[in-house]
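Reader: I have a new model on my screen and would like to walk through it with you. Could we start with its inner spaces and then move on to the strands?

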Amino acid sequence: MAANRSNGQDPGEFYSQFKTYHELMPHKVREILLVSSPYDAYIMEEDGSLAARIINEYSGLNLSQPPRVTRTASAEEAVALLAHKSFDLVLTMPYLEEMDACRLGVRIKQQCPDLPVILLAHSMHSIAPLPEDGHCEGIDKVFIWTGNSDLLMAMVKNVEDRLNVEADTRKAQVRVLILVEDSPAYYSSFLPLIYKEVVRQTQVVLGSGLNEEHRLLKMRARPKILHARSYEEALALFRQFRSYVFGVIADARLPREHRPDGEAGLSLLTRFREEFSDLPLLLLGEDPGQRERAEEIPAVFLDKNAPELLNEIHAYFLNHLGFGDFVMRLPDGSEVGRASDLRTLENLVAQIPEAALYYHAERNHFSNWLMGRSEIGLASAFRAVQAEDFANPQELRRYIVSSIHALRIWRQKGVVAQFKTDTFDADVMDFVKIGRGSLGGKARGLAYMSTLLHQNTWLHEKYADVDIRIPRSLVIATEHFEAFMQQNDLARRVRESRDDAAIAGFFQTAELPEDLRENLAVFLEQVSIPLAVRSSSLLEDAQHQPYAGLYDTFMIPNSHPDIAVRLERLVAAVKSVYASTFYAGPRAFSRASAGQPHEDAMAVIIQELAGTRQGDFFYPAMAGVAQSHNYYPYGQMKPEDGIAQVALGMGKTVVDGERALRFAPLYPDVLPHFSTVDDMLRNAQQTFYALEIKDVPDAPRFDSGANLVKREVAYAEAEMPVRQLSGTYVVDEHRIRDSGFLPGPKVLTFAAVRKYDLFPLPGLLVDMLQLGRQGMGGPIEIEFAVNLDPVSPGKGAFFLLQMRPMVMANHSREIDILPQEVDTALCFASHCLGHGESRSIRDVVHVKPQDFDAAQTPRMAEEIGRINASLTKAGRPYLLVGPGRWGSADRWLGIPVKWHHISGVQAIIELRNDQLNAEPSQGSHFFQNITAMSIPYLTVVDNGVDRFDGRRLEDFETITESKYIRHIRLSRPLVLKVDGRQSQGVVLLD
């Protein structure tokens, strides 16, 4: 333990997040049988029915599942009801026609021995039919009804506590408070007060940052209240639950050996004090002279006849059982500070005088206060050490502060917390939600990833030097999108326009709901780091519908000294993401995937941007995409081994299909495109994206790629990430040395990561893909970013940005490609995506090879878009053929089409030749959407086997021809066959 004191306890050792709470309180009182005469029922229900009063009491305290009450006036009918219906509790009044309550209790116990039976009397006189001591074999307990509906809740909860205490203390170390009182009149007053105090105080301390589900779950871990009516019964309970008792309240006069004993309470508390020097003890007595004897124990004494008794008991809970504020005091009793929650406690402990620190630590006040908040693990850890175990005050203070901070962080892991302006704490809250409604697809995936990382502690243990997490995220739920649309009449305006620029203008001039603006302002008061504002639509990242990259994402520096300016920029970014819901790309994809546009709603993720500052720029050392299925394995690789693409800087390089490093995490040194020095010089990443954080204009930019700068690697060679990830080209030797710290031109080889353990990226990706595949039940892909430690190799941070299921082709159908078909094919490809056969394509749109100019690929995309619009309107599917990587944002690697340019395409052929020869880009958003739509994608490589005989198309009718693109129509449909199992495809002229 001493080894951990400087950094606090490992939160995993003392805080098992909500999993345990699901198992608590398995026994609930759901059905109550009330047996009472009509008159008694009338008296009890004068102010409303018993059932309604129980429900009202539960609702007032936000308790779940109030019990249902069945009433009968007949004892015989009650016995008959028990014969065919299950009840959890019987309440009986003393006066019944056929038999008294004691005889009824005996009858019930004969039939249902374990069923609790409680006698509810109007006064002590009304229990006269029972034996003199008020006890009866068939009655478990007697309560006095004075019209206080709190008693109903207390009776139910006390029964539940006795049923659950043994299991709950064993599973979750739930605390136990023992009340020792034999007078029905007194404990009928004390128990409701204690329960109401416990429930309310527990609710007060639970709300900080947690969502409603977890608040209800943690309510189950509230202290159990056990009631004993004699010295022996109290002693037995104490012995049974000794390790979990956190307080005892006892009457001074108790039955001992079946006789009233005025000294029994003092003896009992003295015995408990001998075992626990710091256990809170309260003695209740009618003789004020007992106060001095109680103080000798020491224990608190309260006079049972005092007019303010109930208020004094309330004060005892606050001051001794840890339910109120933690009042920091010096040994002389003077107050030096006050903490109402964990956050303020952490801050306060860091600065109180040493005398106050030792005063509270030596008396276990920190442990007691945490126990009152159901933070049982940390409370137990604090109780297990003593103040004198620490070498000096600084070590003690550091241990307490760091342990509380670790707990605050850990209790938020895997939790979608509700944003509250008064409790939001950016330091510890990983995932926060503003408003009601859906999180959207992308945010839902992030929440699942957060839970997955929290549950699989082995991953953090295996990579102990790596901070593995999702970026801290604030999600604006769809409720605010719907309110924004409605209050600005935007649905109508969107219907009247199909122009992206006009739609963007509508949204920018609209006003966000005022409560949302206020919440964002509070958020920015604590957050001044660069942010990513990302879409999270209902349809995004859904199974079979990834909508990858179709909505907008914006990076903002969030660095302006004026918070009002930062707020306006954030608001503008949110509105721009909202607007992208209605842009042409998403609409076209929706129409192509479902035949008509879906109604969509947008949540927005405001997320910490992974990266570090490098001069005037901000970017991560690495970012990329990894997939658990590799469509293009080579050498010894198998498809299920997975594939990754990684780049220096922002992940835009990878998802836009630009030049990046492609490698299999299981075989990080197998790089065919880096086979020779010339290959490395030709194929290595030359440019990267970074966020510009200096001299950002006051007017925010929200066009495509706003605030991101495309930088030359050569101009960033002095920056640490470039030096860490590069090799150095030695011109005289025509070789690349695996160090970026030598003089000479830098080449991004990532050798330090792949070969020399600068960061365990290959192994981490293998484990993350396997974990994600198991969690999602099939192939997955992840987006990630990495920050490297500039000093310590092996250390850094791994940010999991996104996880989505991969859409895989259904290979159940047999597709046979015959040798003679290969020989006569218009096209044969040995690298194909998809699976199936088609005979419906008569239109071919292809790039004219003789006119191809790589500098004009953006113009080609526009020409294809015009032809696509005409074919889509006519309902004619087509085959698209051209050189290079389709959908790449890098015009030198392929034609940069977006989805609305090719929304009617039914099959695509990529020609990899001397004109454009780019490595496959499996991680691009374009690629993800192509596979999601089950569009066959045939890659023809220059390997002597693959081929595309474009000359055979020259004789067919030309429908449209532009400078770079030709559209032809065949007299008969093409035959397209793709065998996904063999990754082969042919296109035949029928």
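Reader: How many cavities of 30 Å³ or more does the structure hold?
Author: Happy to help, and a word on the ground rules comes before the count. This is a predicted model, with local features needing pLDDT of at least 70 and side-chain atom pairs counting only at pLDDT 80 or more, while totals for chains, interfaces and linings use all residues. Residues are numbered from 1 along each chain as its sequence is written, and side-chain values use heavy atoms, leaving out hydrogens and water. A cavity is a set of points on a 1 Å grid over the protein atoms alone where a 1.4 Å probe fits but cannot get out, and the number of 30 Å³ or more is five.

Reader: What space lies in the largest cavity, and which residues are closest to its centre?
Author: Volume here is the space filled by probe spheres set on the grid points, which are joined across faces, edges and corners; for the largest cavity that is about 110 Å³. Lining residues have an atom within 4 Å of a point. There are 14 of them, and the closest to the centre are Ala361, Phe366, Phe382, Val385 and Ile400.

Reader: Which helices each supply at least two residues of that lining?
Author: Helices are DSSP runs (H or I, at least four residues) and strands are too (E, at least two), numbered from the N terminus. The lining has nine nonpolar, five polar and no charged residues. At least two lining residues each come from α14 (354–362), α15 (365–371) and α17 (393–410).

Reader: Is strand β42 mostly covered or mostly open, by its count of buried residues?
Author: Buried means under 20% relative accessible area. Strand β42 spans residues 965–979, and 11 of its 15 residues are buried, so by this definition the strand is mostly covered.

Reader: Which strand pairs with β42 over nine bridges?
Author: Two strands pair if DSSP finds at least two bridges between them. β41 (residues 957–961) runs antiparallel to β42 over four bridges, and Glu957 has Arg969 as its bridge partner. The nine-bridge pairing, also antiparallel, includes Val844 with Ile968 as its partner in β42. That strand is β36, residues 836–847.

Reader: In the hairpin of β42 and β43, which residue takes a positive phi?
Author: Six bridges join β42 to the antiparallel strand β43 (residues 984–989), with Lys977 opposite Val986. Four residues lie between the two strands, and the one with a positive phi, near 55°, is Ser983.

Terms used
1 Å grid on protein atoms, 1.4 Å probe; cavity = no way out; pocket = protein on both sides within 12 Å on 5 of 7 lines; lining within 4 Å. Nonpolar A, V, L, I, M, F, W, Y, C, P; charged D, E, K, R; others polar. Buried < 20%, exposed > 50% of the residue type's maximum accessible area, 1.4 Å probe, protein only.
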